[in-house]
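Thanks for sharing this one. Here are a few points to go through with the model open beside you.

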Amino acid sequence: MHVISLAVTSLFALGAQASACPFKGSRSPCTGLNVLANHGYLPRSGKNIDLPTLRTAVSLAFNYAPETFDTAFQQAVDFNLTTTGNPLTFHLHDLAKHDFIEFDGSLAHNDFYSGDDNEFDARAWGSVADSLRLYDTSKERYVTVEMAAKARVKRVADAMRVNPTFNASAAQMQGSPGTLALALTTTWDDDAGAVPKGWLRAFFENERIPYFEGYQVPKTPRNGDTIGAMFQKIVAVEVEGGDNGFQVTIYDKEKYIGERSWEWTMLLHWALPTLRIMLPDDVREDLPLAHGNQFHDYGDHPETIPFFNSVTGEYAFGLTSPFRRISRTRMRRVCAKGLDIRWGKIVADLKDEDDGTVTVLLEDGGKETADLVIGADGSSSFVRRWLVGQEEGKSLVSKWAIGSAIVKYRTAEQTAAVIAPSDICSVSTGPDGLVLLAVQNVEDPNDHTTKSFQVVRIWKEEGDGNKCQGSEAIAKMKEKTSLEFFAEPFNSAIQWIPDDSGPVFLRQLQYWPSIPWNNRSGRVTLAGDAAHCMLPNRAQGLNHALADVDLLVAQLLKIKKDGISVQEALVDYEKEVVARGYKAAMDSLDDADAVMTNRDLKESRQAKQGLAQ
């Protein structure tokens, strides 16, 4: 797995946090600050810390240039975390607010999801210590940059696998190697060219300066450039990744990217950190090209999707999370880089072979034999129906119809009105269903006429007869929308849709609560919508698909690492996917009822749980 980091290094974000500290004052999830307070360089109470005090502390204790962490201090001020009553001071515990300066996957404290994220966690740190062989000094007494870089990547990957709400913001995820760079720079032994293991243990486990172990304040001053140089060394370390020795071929029924007549936007949120870790560096760097609004500055803070009462037009609540709204087509284009994709291939049948392989038979007469086939062929999956039977594998029809149009409005004034609630995405919902307005593409941020949207209308209607495209679908969307149930600008956003807009489709929403499938002795399995099709009301589908990928890769790697069979590797994967997929599909039905009926919006899962899994 590759991990990228382009972040401002912050003392506050120092990843290995907390320990069995003998002091009972205010302490933070930031080991470096706690160390300074424990030794009295900062107030031992951990309270009312200002910038001059911080400057003096880092200079005296570690010989950092006094202004090294001015930017970090300003972060705490800008995030408005202080509870001191003075915006220019903070208590150490103020920094524990989740997903601002504190974040998931730190070296030595728990994730917020798993418990107390402000105290030393022996299990989290134990994983790092084991990777560094920290308690074995018989052969090596030092931790090198390479050892530390690999231990950090493993710790983040472990955290993401056990924390379903792992939800670090962009800058914090990018800052993970930066926090390690700070830790190494602070405890670095210039003479050894590495960090003595005893120094690292004292710093993290006891939150003290390792004087007893021989530490002396470095003679050469350190500063942001020193930390930056360490950062570059960390990110230069090659960590296992790539194809991991598997030969993978993708068969796609589209003849080319964008050939399909449907286009939509998707919300990437709790699985965003997973995606960043699994992608190669060059692909990850191109992810902003897939953003619906490529010019929106997502920054290092959570974003909010505003929800409005459709009848009154009043703001109801907001879904706040570090998310990205992305274009399906452009996301496929970014992620297709470097992959072996066979375009225009439609599966006609699958055949079990006597040698334990499976052959894929194609409609064009071609065929391909593989050790494992992964059916990721969408909500109407052929592979799913082949595995569980035609009836059992058929998607179920919900009581909700959806119309979706990619729209470029006629005038700048219309566009300005539609984008006013949010330049990413906004939702109006109530007793007659839902209208969603999502920015799909921006050619010129200064010219409203170059902006296009995905405009979605969902309403309650039984049956499976709602299938049409183009102007017919637009007419139905307009017919189903009025000022009686949708306040402005959401009513007009529908009524203003030009008749020549496209792509446009209308269909009945479908779902498939996951059931166990026979993987044919480890030869065929499912992932994504094929494994768990759900309604889109809390935008969970893409994130569950990425969780499938992460888990499946981890299980397949055990084939090489532990010598297990493919069938054994799929046991835990399918067990989790089926349980998670069933719950997600059923929850999506309740989520639809919760926000598209007369029920209290503030009591819905959307309002109470947000986008979390």
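1. Let's start with R133, which is partly exposed at a relative accessible area of 41% (buried means under 20%, exposed over 50%, and partly exposed in between, with a 1.4 Å probe and protein chains only). Although R133 is not a glycine, its phi is positive, about 50°. R133 sits in the loop between helix 4 and strand 1 (142–143); helices (H or I, at least four residues) and strands (E, at least two) are DSSP runs, numbered from the N terminus.

2. A word on the basis: this is a predicted model, where local features need pLDDT of at least 70 and side-chain atom pairs count only at pLDDT 80 or more, while totals for chains, interfaces and linings use all residues. Residues are numbered from 1 along each chain as its sequence is written, and side-chain values use heavy atoms, with hydrogens and water left out.

3. N48 also deserves a look, with a positive phi near 55° in a residue other than glycine. Its place is the loop between helix 1 (31–38) and helix 2 (51–62), and at 46% relative accessibility N48 is partly exposed. Most residues other than glycine have a negative phi, and most peptide bonds are trans.

4. On that second count, please check two prolines. The bond joining E488 and P489 is cis, with omega about 5°, and P489 is in the loop between helix 14 (470–479) and helix 15 (490–495). The peptide bond from G502 to P503 is cis too, with omega near 0°; P503 lies in the loop between helix 15 and strand 18 (504–511).

5. Is W125, in helix 4 (residues 122–132), buried or exposed? W125 is buried, with a relative accessible area of 2%. The W125 side chain makes a polar contact with that of E205 at 2.8 Å (a pair of N or O atoms within 3.5 Å; within protein, one must be able to donate a hydrogen and the other to accept it, and residues adjacent in sequence count only if both atoms are side-chain atoms). W125 and F204 are 79 residues apart in sequence and 8.6 Å apart in space, C-alpha to C-alpha.

6. Finally, strands 9, 10 and 11 form an open sheet in the order 9-10-11, with antiparallel pairing (two strands pair if DSSP finds at least two bridges between them). The edge strands are strand 9 (347–352) and strand 11 (367–370), each pairing on one side only. Five bridges join strand 9 to strand 10 (residues 358–362), and V347 has L362 in strand 10 as its bridge partner.
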